[in-house]
Amino acid sequence: MNFKPLHDRVLVRRIEAAEKTKGGIIIPDTAQEKPMEAEVIAVGPGSRDESGEVRPLDLKPGDRILIGKWSGTEVQIDGEDHLILKESDVLGVIES
């Protein structure tokens, strides 16, 4: 894939939630909520501050993050579903 986000944008792929509950009940696709966990695929160079300097993003490819359910713009790249969102739309980084 040859895609590079611009400015403070981030390309992510949602991490699919489990299709079963802890009790073993299978959840149909129509009843599942959008996953809020995602993996960062690519990041832009950063945004400019008041002095014109480029401020790099705090995220890097491979980070696992939390995003809002309705955040970003859905796109399809190389047949896969992705989201493009601004760094400010990211709720936090999941550290393991």
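What is the mean pLDDT of the chain, and what share of its residues reach 70 or more? In this predicted model, the mean pLDDT is 83, and 79% of the residues reach 70 or more. Among the elements of the chain, strand β1 has the highest mean pLDDT, at 93, and strand β3, residues 47–48, has the lowest, at 86.

## Overall architecture

The chain contains eight strands and zero helices. Read from the N terminus, the order of elements is therefore β-β-β-β-β-β-β-β. Of the 96 residues, 30% count as buried. The chain exposes about 6800 Å², and carbon and sulfur atoms supply 50% of that area. Among contacts with a separation of 6 or more, 64% are accounted for by residues 24 or more positions apart.

## Nonpolar cores

In soluble globular proteins, nonpolar side chains tend to be buried together. The largest nonpolar core here has twelve residues: V10, V12, A38, V40, V43, L57, L59, I65, I67, L83, L85 and V90. Two or more residues of this core come from each of β1, β2, β5 (64–67) and β7 (80–86). Strand β2 gives the most, with three residues. Apart from this core lies another, of five residues, with L11, I41, A42 and I77 among them.

The surroundings of one core member, L85, can be listed. Leaving aside residues up to four places away in sequence, L85 touches D8, R9, V10, V12, I67, G72 and V90. Of these partners, V10, V12, I67 and V90 also belong to the largest nonpolar core.

## Nonpolar surface patch

Some nonpolar side chains are found on the surface instead. M36, L66, L91 and I94 form a nonpolar patch there, with about 330 Å² of accessible area together. M36 lies in the loop between β1 (9–14) and β2 (37–43). Its relative accessible area is 34%, so M36 is classed as partly exposed, and this value is over the 30% that membership of a patch requires.

## Salt bridges

How many salt bridges does the chain have? The count comes to five. Three of the pairs are listed below with their N to O distances.

| Pair | N to O distance |
|---|---|
| R64 and E37 | 2.3 Å |
| K60 and D63 | 3.1 Å |
| E87 and R55 | 3.5 Å |

The pair of R64 and E37 links distant parts of the chain, 27 residues apart: R64 is in strand β5 and E37 in strand β2. R64 has a relative accessibility of 37% and so counts as partly exposed. E37, with a relative accessible area of 25%, is likewise partly exposed.

The side chains of E87 and R55 meet at 3.5 Å. Because E87 lies in the loop between β7 and β8 (90–94) and R55 in strand β4 (residues 54–55), this salt bridge ties together parts that are 32 residues apart in sequence. Is E87 buried or exposed? At 15% relative accessibility, E87 counts as buried, since the limit for that class is under 20%. Its partner R55 is partly exposed, at 39%.

In the salt bridge between K60 and D63, the closest N and O atoms are 3.1 Å apart. D63 has a relative accessibility of 11% and therefore counts as buried. Salt bridges that share partners also join R13, E39 and E80 into one network.

## Backbone features

Most residues other than glycine have a negative phi, and most peptide bonds are trans. Which positive phi values are found here in residues other than glycine? The phi of H7 is near 50 degrees, and that of D78 is near 55 degrees.

H7 lies in the segment before β1. With a relative accessibility of 48%, H7 counts as partly exposed, because the exposed class begins over 50%. D78 is placed in the loop between β6 (73–77) and β7. D78 is exposed, with a relative accessible area of 63%.

Note on methods:
Residues numbered from 1 in each chain as written. Predicted model: local features only at pLDDT ≥ 70, side-chain atom pairs only at ≥ 80, totals over all residues. Heavy atoms only, no water. Patch = residues over 30% accessible without salt bridge, like charges linked within 9 Å, V, L, I, M, F, W, Y side chains within 5 Å. Areas by Shrake-Rupley, 256 points an atom, 1.4 Å probe, with all protein chains shown as cover. Salt bridge = Lys/Arg side-chain N within 4 Å of Asp/Glu carboxyl O. Helix = DSSP H or I, 4+ residues; strand = E, 2+ residues; numbered from the N terminus. Buried < 20%, exposed > 50% of the residue type's maximum accessible area, 1.4 Å probe, protein only. Contact = heavy atoms within 4.5 Å. Core = buried A, V, L, I, M, F, W, Y, C linked by side-chain atoms within 4.5 Å. pLDDT = per-residue confidence, 0-100.
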